[in-house]
Every structure is written in structure tokens, then in C-alpha cells.
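Here's a quick briefing to read with the model open beside you. Start where protein meets DNA, then work through the rest by topic.

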There are 2 protein chains.
Amino acid sequence: MDPKKITIQDIADYANVSKSTVSRVLNNTTPVNDKKREAVLRAVKDLDFEPNSLASGLAGGNSMIIGVQTQKIGSPFYDLVTRGVIHCLTDTRYSPILVDGVWDKEIELRGIDTLLRRQIDGLIIIGGDIEKEHLLRLAAKKPLLLVGREVEGLQDRCLYVDNFDIGYQATKFLIELGHRKIVHITGIKAHQDSVRRLNGYLHALKEANIPYDEDLVYEGAFDGPSGVKAIDTVISRGKKFTAVFAANDMSAFGARLALYRHGIDVPSEVSLIGIDDQTEAPYMTPPMTSVRQPAFKMGVAAGNAMLDLLMNKEIDLPKPSVQISVRESTAKAE
Amino acid sequence: MDPKKITIQDIADYANVSKSTVSRVLNNTTPVNDKKREAVLRAVKDLDFEPNSLASGLAGGNSMIIGVQTQKIGSPFYDLVTRGVIHCLTDTRYSPILVDGVWDKEIELRGIDTLLRRQIDGLIIIGGDIEKEHLLRLAAKKPLLLVGREVEGLQDRCLYVDNFDIGYQATKFLIELGHRKIVHITGIKAHQDSVRRLNGYLHALKEANIPYDEDLVYEGAFDGPSGVKAIDTVISRGKKFTAVFAANDMSAFGARLALYRHGIDVPSEVSLIGIDDQTEAPYMTPPMTSVRQPAFKMGVAAGNAMLDLLMNKEIDLPKPSVQISVRESTAKAE
DNA sequence: TATATTTATGAAAACGGTTTCAAGCCATTG
DNA sequence: CAATGGCTTGAAACCGTTTTCATAAATATA
């Protein structure tokens, strides 16, 4: 397949200089006589030379690869963060290698091993279940950044939104519209995020002196079907409600469909709010109100922070603020 | 940062064998005495050894990296294919490196260069604008697979759906429901896919003896806003229509919203069909009919084909079949 | 039993770069 | 003018593996 590869030595011969000089002009690491520099550059052009990253990685000790571990490729939030990272790395000298942890501790660990074998220069872990201790150990080995997690001992390496606040804000938003019977479709209970959002919901209720009714809470799974089931279930319990707060947009979409099936109008009879503000949310009928997490931006921020980290700069991760994209699925309770 | 790395030499010393032997047991390349093999294995465990992929890539000539170029990270179809590839590669010895070509020939070429520098063992290009000649040259250098493209001279390396047929089937589906005034929201005209889908639409019309009305065709951009604009425009032209065929789901979502704004009911007044069958399509109100392209499966198929290619096996890419997920956004024209 | 073949093993040579080190050159300084 | 210092440069060592090659041991063959 591959024809004889051009190496740095070929360039050196062609330009009548030594390998060292070629390396120097290629990396701008040491001043080089202009004539020689030019000769080298011409040689590179003429021979169509492409440096071998594996070799330079081995020799120089920097693979110029950043490992990125994401979860359940296909889930809106994690995908968006990942895209942000990739986008940020494009046109830098670094390339990302992606592994999927699928929210399974063992698979995550295997993925990390794969990355370490590849001598990644830095590691960005988005979500996941790996324990604190292991993360600390990793952080001691490689520049590490955590997105969507809050790990004590690594606070300055964590980029996350305050999920309690998201739950609180979303619920408070509904309460301020006059709603008091608010269904909450949670995320997967095993995820910290879900629990925090639920707690935010509970806190907002308490603050407004609304008694907690567990029949209004349904454990969902961050997906469409569970959103449908949530509404069906709550209705079958004979519960009245005037608003629904879903732990993410996909389950809100499911809820929306179920309400439609039951002939319940949105927003005149029931208000609906989701989280994520997916691309599709503004195109639902009616356009859906959603809490916006700046996922893509967070990915970009993580990427940039990693680049800084690799240049030994101080990093200062932003605390991303959430805001509610108010649309037409929410209205005053009459 | 990195503490002293354990190398194969350390293992050799610890196990009282030579580096060569260690390499042999690690790769199962040559039989090795059981006692020595065991000693090596124990050493690996005891010292917690992780082989350096860069070094083995350099020495062995296989980087075990597969380059994947996708387009506009964030676009449903391309993302899904990409995910399929990544999913397929998980738990193999190969890792993917991703670059985004953003449908820009120059950026695409740069991306490919990045990948080649990294000594990728194989290349999967999803979509994009790179010319045939260049692709042929690439194919001569590396195992190459093309997804979503049809390139003569590389037929056996192309995995794509018949976009003409998609357009034809979607339109025919509407015609068979009795529709004769069918709006078509195209994709970006510069993309082959869009043109083919449009041609399929035209062919279906002609076959049914429906005169072509250019006012019913709007050039969209595969996104929500252009879907909205399409409907607004056609309506402002004073055109009557009873069905809309959008070149992808996102623009169909946009169309859906615009119809809602204009108080036009779906499907009783206007039927709507999209392409992609995104995760969200079944949760639109009403659930949206869409032509399903098996994007994820195509990604997996591409990944598997690449693995076969790398083992010098014959590959036989499937011709993915499309089918219409019939839901409730389409109905008989009254 | 002597010879031919096979098998397991280690030494050393790649792989394609980067980096250290010392030397050579030139200009500056006292 | 000799000595000092700063630049540029090439030779060689190194990065951590795989792989070739030769050797030594073990087995099969005659």
C-alpha cells in the first residue's frame, strides 16, 4: 500500500543539511541560517514531506493527542460538550481521541487505559462514574479536566453547571406562573445530576410552601419513552396537575406527546418545561420552554482550558450560568 | 507530571528475559516457554505496565488508529454515522481520531493531512466535497471507505443510500395518498444529496403526470429556520398545497412550526414528511412521518468493513435500504 | 550415533523523529 | 592581536517498541 515514505533524512540529504537542522526549521526551535531554512522548506515542498507524528511523539514526549471520554454517544448534553471540545481542538496541533464510557464504570476504566496507552497529553472526562480516588490518581499523571462533574480535591479542574440550581430555577419559574401541582419527571436516579435536579425541585416547592406529593414525581430515564410513561402514569394515578418539569428535553418531548394523546392542551391546560434546550426544542408545537445549559460552550471552554494547562498556564474555569429559554409551552396557571 | 514510566525493558529485567521475549508474549507472535511467559505476565501485573502505543506504532508500522472525517459536527445524519463508527471500534484494538471537514474542501484537505501525519491505518470519510481524483490518490495510500458518497472508481468502497430513490419514494408516498400539490424544501443545492433528492421528487411527479411547479420548491439549508422560511415563502407566493416533503427532519420541523403559526393543521390540511427519522421525529405533535436512513448502522457497517479491510479480507458493503416510518403527519388528501 | 531440522531465545538493528553536546565560526572586547 | 562570548550546526544518543538474524538447544531423521 504505502509507497516508500519520505523521512526527515531525505529532506536533510536533499537540502544538504543535517537531520537536526531540518527538525529545527520544522519546529522553529532554534534560529537557522536563512539560506538553509529556505532549502529545507523547498525540500519539504518538493518531496511532499509529511512528518510522522508517532515518531515525534515518541522522541519529543508529546503525543499531541488529547483523550476525550464521553458517555453514551447519542445523548444530547454529552454529545454537545464533546462537539465543543472537538471544535475547539480543530486547527490546533492537538487531535482528540474519543472513547465512550457508556456510563459503565468498568468500560470507562478500560477506555481510560486505551487512552493512556496512546500517551495522550491530556484527558477530558465528560460525566461518568469513576470514583474520586481514581480521578485523583489520574490527575497526578496527566493534565485532567472534568466536565459535568463536581469532584472535591479537583475543584479547579471541574466544569459543571449547578444542577440543584437548574431544578430550582425551573420549578420556581413554574411556581411564579402560578402552578402548584407540578409533575417532575426525573432522570436516571443513579446519576448525581438527576438527584440534584430533583432536590432543586423539592427546595423550590418547600420555599413556596407547596406540600410535596410523591405521586407527582416519576423516575424517568432521560429519554422519550419514559416521558410518555411518566404522564400516563401520573394520569392513571388520578392526579391533577397543571405543569410538568422534565429532567431533560427528550423526556419533555415524550411528555408533550403523551399530553397530546390525552387531549390535554399545552400550555393552556398544562405547562411544560425541559432542560438542555436542544436544537429541536424551538420547533416543537408549541415551541418548548427549556433551561439552557451552554453545553457546546462548556466543551469549548474545556478544550481551551486543556490547551492552557498544556502550556502550563493558570486556568480559570468559568462557572457556566444557565438561563431559561422561555417559549410557548409555559403559561400562567389560570 | 509523569513519574518514571515502566518500559518493556523493566519488564524484561524483572522477568529475567530479553525485551524480545517480552514483546513476543505481549503480542502472541511467537511461541514462548510457559515459565517465561508466566514470569513476563506476572511482571506486567506487578509493575503495572502499559505499553506505549506510539513506540509500537513506530516500530511495527501500524498506528492502530483509524481516521474519521465527518462534516459539520452537530448535523443529525453525519453525527449518527460517526457514532456508529466509534461504537463499532470500541473494544477493538483500534481507536478513532475525528476531524471535522465542515463541508469545506480546504478544511477537509487539511484534516486529512492531520490524519495522515498521525499514520492512521485506515480512513473513513463521511460526506464532504473532496474531488474524485484526490480520493483515488488517497485510496492508493491507505485503506479508504466513503460513507454517504458515490464515487466512480471506488464503488466497492462507497457506502451510501440512493438519494434519488429517497426523494422518489417520499414523493410517491404522498402522491399515493392523493396529494398533487406538493411542496419540496430542498437541502443545500451544492450537495449532491440534495440534488438527487430533488430529482427523485421530480421523477415521481412526472411519473404521476403532475406538472412541475417551481413555486412549490424552496431551497433550504437542512435546518430549522430554512424550513420555516420555506413555508412562509410558498404561502406568500399565494400557492395552495396539501403536502410538504422536506429534505431532512430539521427542515421538516421548521415547516411544522410554520404551519402551526399559520394555523394550518397537520395532517388534515397539509401532510408533512421528512428524511432522517431523527430520534425526535416520533415525538413531534403529531408524530412525524419520515424516511428512515439507517445512519448508525451505516457507521457500524463502515467500521466493520474497515476492520475487514485491515485484515485483508474481502469486503462487501451493504446497499442500505431505506424505509418510511409512517406516522401521523401524513394523511389522505381529501 | 552423526546429521539435518526445527524451536526458543537474545543481541542488535530498525522505525523517524528530537535533543544534548561539542565544535566551528564569527564578531566583539580589552 | 589574543581572548571571550554568542550563534549556528552536525554527530550521536535517545524515545520504547518490533523484527530480523544468528545462535544455542532440542528434536527428528537417517
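In this predicted model, the side chain of Asn27(A) puts an N or O atom 2.9 Å from a phosphate oxygen of DNA strand C. Backbone atoms join in too: an N or O of Ala55(A) sits 3.4 Å from a base nitrogen of that strand, and one from Ala59(B) is 3.3 Å from a base oxygen. Which elements give two or more residues to the surface near DNA strand C? They are helix 2 (19–27) and helix 4 (53–60) of chain A, together with helix 2 (19–27) and helix 4 (53–60) of chain B.

**Around DNA strand C**
- There are 27 residues surrounding DNA strand C, and the closest are Ile8(A), Ser23(A), Thr21(B), Arg24(B) and Asn33(B).
- Of the atoms of DNA strand C that come within 4 Å of the protein, 57% belong to sugar and phosphate.
- The biggest giver to this surface is helix 2 of chain A, with 5 residues.
- By residue type, the surface near DNA strand C splits into 11 nonpolar, 12 polar and 4 charged.

**Domains of chain A**
- The domain assignment cuts chain A into domain 1 (3–51), domain 2 (65–161 + 295–321) and domain 3 (163–292).
- Between the C-alpha centres of domain 1 and domain 2 of chain A, the gap is 36 Å.

**Helix 8 of chain A**
- Helix 8 covers residues 163–176, and its 14 residues at 1.5 Å each should span 20 Å, so the 20 Å between its end C-alpha atoms agrees.
- At its N-terminal end, Asp162(A) acts as the cap, with a side-chain oxygen 3.1 Å from the backbone nitrogen of Phe164(A).
- Buried residues of helix 8 include Ile166(A), Tyr168(A), Phe173(A) and Leu174(A).
- What do the buried residues of helix 8 of chain A pack against? Their partners in chain A are strand 6 (182–186), helix 9 (192–207), strand 8 (243–246), strand 9 (271–275), strand 10 (289–292) and strand 11 (323–325).
- Just after helix 8 of chain A, look for Gly178(A), which takes a positive phi of about 100 degrees.

**Ser95(B) and its neighbours**
- You'll find Ser95(B) in strand 2 (residues 95–100) of chain B.
- Is Ser95(B) buried or exposed? Its relative accessibility is 3%, so Ser95(B) counts as buried.
- The side chain of Ser95(B) makes a 2.9 Å polar contact with the side chain of Arg118(A).
- Leaving out residues up to four places away in sequence, Ser95(B) touches Ile97(A), Thr114(A) and Arg118(A), along with Met64(B), Ile65(B) and Ile66(B).

Terms used. Residues are numbered from 1 along each chain as its sequence is written. Chains are lettered from A and ligands numbered from 1 in the order in which they are written. This is a predicted model: local features need pLDDT of at least 70, side-chain atom pairs count only at pLDDT 80 or more; totals for chains, interfaces and linings use all residues. Side-chain values use heavy atoms; hydrogens and water are left out. Domain bounds come from an automatic or database domain assignment. A residue is near a molecule or strand if one of its heavy atoms lies within 4 Å of it. A polar contact is a pair of N or O atoms within 3.5 Å; within protein, one must be able to donate a hydrogen and the other to accept it, and residues adjacent in sequence count only if both atoms are side-chain atoms. Helices (H or I, at least four residues) and strands (E, at least two) are DSSP runs, numbered from the N terminus. Ala, Val, Leu, Ile, Met, Phe, Trp, Tyr, Cys and Pro count as nonpolar, Asp, Glu, Lys and Arg as charged, and the others, Gly among them, as polar. The expected span of a helix is 1.5 Å times one less than its number of residues. Buried means under 20% relative accessible area, exposed over 50%, partly exposed in between (1.4 Å probe, protein chains only). Contact means heavy atoms within 4.5 Å.
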